[in-house]
Amino acid sequence: MANQTRTHQDIIVRDSRSTLDRDHPKTGAQMVKVATGVAAGGSLLVLSGLTLAGTVIALAVATPLLIIFSPVLVPAVITVVLIITGFLASGGFGIAAITAFSWLYRHMTGSGSDQKIESARMKVGSRAYDTKSGQHNIGVHQQHQQAAS
């Protein structure tokens, strides 16, 4: 008889376990997903640790070399940066000059976008006029209908 008596806590624990098991049963596919995730995450964590260790070792080896060769490396880096900046600026100014001359040529010959802009302005104006007159005609038509009734 003592074995059959259950406490309130035992019943709650039993019911909560069965509810959890019914709501989220562990299937074989879920176990495979978990195992795959743990394996992939673990291997990536190991690789990141090895990469960090290799970076620290490389920095420890390279720092004395950088300090020894810094009188040569710093001016070399500055020179390379100035050369690259000069080439990029030259290319940018060249493209700007070609664009300006192209616009000037098209403007002088009259084949530029000014005609396109004027044409677009005229189309927008005519659409606005059509819309305005269309609304006016609708209003006049409605007035005629109201007068007839």
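These legends walk through several close-up views of one predicted chain.

The model is predicted, so local features need pLDDT of at least 70 and side-chain atom pairs count only at pLDDT 80 or more, while totals for chains, interfaces and linings use all residues. Residues are numbered from 1 along each chain as its sequence is written, and side-chain values use heavy atoms, with hydrogens and water left out.

**View 1. The whole chain is built from three helices and zero strands.** Reading from the N terminus, the order is α-α-α. Helices here are DSSP runs of H or I with at least four residues, strands are runs of E with at least two, and both are numbered from the N terminus. Of the 149 residues, 1% are buried (under 20% relative accessible area; exposed is over 50%, partly exposed in between, with a 1.4 Å probe and protein chains only). The chain exposes about 13,300 Å², 71% of it supplied by carbon and sulfur atoms (Shrake-Rupley method, 1.4 Å probe; for residues, only the protein chains shown count as cover).

**View 2. Helix 2 bends by about 75 degrees at Ser-70.** The bend is the angle between axes fitted to the seven residues ending at a residue and the seven starting there. A proline, Pro-71, follows within four residues. Helix 2 has 82 residues, yet its end C-alpha atoms are only 77 Å apart, short of the 122 Å of a straight helix (1.5 Å times one less than the number of residues). After helix 2 comes Gly-110, with a positive phi near 85 degrees.

**View 3. Leu-65 belongs to a nonpolar surface patch.** Its companions are Ile-57, Val-61, Leu-66, Ile-68, Phe-69 and Leu-73, and the patch has about 690 Å² of accessible area together. Patch residues have over 30% relative accessible area and no salt bridge; nonpolar side chains (Val, Leu, Ile, Met, Phe, Trp, Tyr) are joined within 5 Å, like charges within 9 Å. A salt bridge is a Lys or Arg side-chain nitrogen within 4 Å of an Asp or Glu carboxyl oxygen. Leu-65 sits in helix 2 and counts as partly exposed because its relative accessibility is 44%.
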